[in-house]
Amino acid sequence: SQQQKPHITVLSSPGMGHVTPLIELARRLIVDHGFQVTVLAITTDAPPAQVQLLNNPSLPSDLHVVHLPQVDVSSTDSGDGPAGVVPRLLYIVQETLRSLRSVLISLQRPLSRALIVDPFCIEALETATDLSIPTYLFLTGSASFLALTMYFPTIHAAQVGRDYSNIGDKVCIPGCKPLWLDDLVPELLIPQLLNLSNRVPVLKGVLVNTWEELEPVTLSAFKENPFFLRVPSPPTYPIGPLTKIDTEPVASTESNLLKWLEKQPPESVVYVSFGSGGTLSAEQMTELAFGLELSGKRFLWVARPPSQANASASFFETGCDDARDPASFLPDGFLDRTRELGVVTLSWAPQVAVLRHPSVAGFVTHCGWNSVLESIVHGVAMITWPLYAEQKMNATMLVDEGVAVRIKKLQVEQDGKRIAGRREIETAVRMVMEGEEGKRMRQRARELQSSAVSALSHDGLSSGC
Ligand code: BUP
């Protein structure tokens, strides 16, 4: 009965990059391990796709969604509060978590055996510890990022002036592949990273959305390297790749995209998307449009209106923009000239269904970790286009792993920002879609895909959580 099934609570920050893998984790805890799970959802600024995911009738009946009370964000809207995507997200999480204690106490179920949180909700640790609920982090990123998180206090302590300029161009984390300094998280996220690093030792464990075959070196370092054995750190469990199961109801705009894919030849389409948070500048958008056109390849492009100068990514506008007209920000005549070749959509795309479609062979991606995993497990080669957070690290790993190509030679925009030029975009798209290299990358992705299937199988290495 409900009263007897052990109970776990999962807490997710808003945004599809977090909610999606946490829901999949909850589903597996229920189906494979016999738990009942309460998902605490932060509803302030929740994108429509999140609301749809949490209302999905095909979620297991032992998954209970509790919506945490909305918080007032008027200060952030009026410009008095924190500006920018990440500060706003942190503000919403912090304000929402004020109600966490009373919500955890009031849940009409046996007391939670554990609270599982994503990195942005790490502040919940104190409340849970107060209530004697063990807390686990579910890292919705790579083991490499976890290694950086655990090693970061060591680097930080050694930095005089905190400008990191005397580090050299690489960061060598013991037992791990060196990371390029240029790939590390942007300065803006350093306080957030330190906050996470400082709390990791207090956690009961860290679940990482990865698996042995994808990150063998880093995962062994956690188990064997003297540094990781010495630093106070909880056990780490690679439990991935947990990706969205393709069971959501498909909206009519989404099904039109799938119908379009049906009409395309096998392995002929490149899918282009920069995730729920990614926007490009107007100049970059123009170069991308011409790059796709020059490549002559078929494309499905999930576009967002270009970011204004100084504006941050429209993280919270996801899926609301259907009414805008892409012709207003794409080069003149682009849509007419490419009518037979491609589709540009401003809607939320059924990404998993797209990536698993036999017509799709390449993915121009911002390298958000969920997109990366979804691409690998569907055998799709990538063209990396990292935008923010730890995405550059992910991009480098994919190129080293042989499943992606980087867009080379960045040209410099007038205001000093570097953008990818149309010829480089054309070359990268062709390389993935036409050549032997593209074939090899898809083959490698398929090998990783089969290792993922066995890691997730009943007695696989990722199933023991
Ligand atoms: Br856009 C888009 N349809 O149209 P990431 C995204 N997604 O299903 P992000 C769609 O959102 P973080 C769309 O499949 C993936 O599961 C996609 O997560 C889905 O990037 C998710 O790739 C996006 O991790 O999150 O959104 O930037 O900031 O956490 O990296």
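## Helix contacts, a pocket and local backbone features

Helix 12 passes helix 17 in a right-handed crossing. The model described here is predicted.

Helix 12 covers residues 282-295 and helix 17 residues 422-433; the two pack at an angle of about 45 degrees, with their axes 7 Å apart. That angle makes helix 12 oblique to helix 17. On the helix 12 side, the residues in contact are Gln-284, Glu-287, Leu-288, Phe-290, Gly-291, Leu-292, Leu-294 and Ser-295, and they meet Arg-422, Arg-423, Ile-425, Glu-426, Val-429 and Arg-430 of helix 17. By class, this contact has six nonpolar, three polar and five charged residues.

Another helix pair is formed by helix 7 and helix 8 (residues 190-199), whose axes come within 9 Å and cross at roughly 100 degrees. Helix 7 is therefore roughly perpendicular to helix 8. Helix 7 contributes Phe-145, Leu-148, Thr-149, Phe-152, Pro-153 and His-156 to the contact, while helix 8 contributes Ile-190, Leu-193, Leu-194, Leu-196, Ser-197 and Asn-198. Eight of these residues are nonpolar and four are polar, with no charged residues in the contact of helix 7 with helix 8.

Helix 7 (143-158) also helps to line the second largest pocket, as do strand 7 (179-180), helix 9 (216-224) and helix 16 (391-401), each with at least two residues. The largest share of the lining, five residues, comes from helix 16. The space in this second largest pocket is about 350 Å³. Its lining consists of 20 residues, of which Ser-144, Lys-177, Leu-179, Met-397 and Asp-400 are the closest to the pocket centre. Sorted by class, the lining of the second largest pocket holds 11 nonpolar, three polar and six charged residues.

Some backbone features lie in loops. A cis peptide bond joins Gly-240 and Pro-241, with omega at about 0 degrees. Pro-241 is in the loop between strand 9 (236-238) and helix 11 (252-262). Two residues with positive phi are listed below.

| Residue | Phi | Loop |
|---|---|---|
| Asp-45 | near 65 degrees | between strand 2 (36-42) and helix 2 (48-54) |
| Ser-132 | near 60 degrees | between helix 6 (124-130) and strand 5 (135-139) |

For Asp-45, the positive phi occurs in a residue other than glycine. Ser-132 likewise has a positive phi and is a residue other than glycine.

Key
Residues numbered from 1 in each chain as written. Predicted model: local features only at pLDDT ≥ 70, side-chain atom pairs only at ≥ 80, totals over all residues. Heavy atoms only, no water. Axes fitted to C-alpha atoms, helices over the stretch in contact; angles between N-to-C directions. Helix = DSSP H or I, 4+ residues; strand = E, 2+ residues; numbered from the N terminus. Parallel < 35°, antiparallel > 145°, perpendicular 65-115°, else oblique. Left-handed = near helix turned anticlockwise from the far one by under 90°. Contact = heavy atoms within 4.5 Å. Nonpolar A, V, L, I, M, F, W, Y, C, P; charged D, E, K, R; others polar. 1 Å grid on protein atoms, 1.4 Å probe; cavity = no way out; pocket = protein on both sides within 12 Å on 5 of 7 lines; lining within 4 Å. Points joined across faces, edges and corners; volume = space filled by probe spheres on them.
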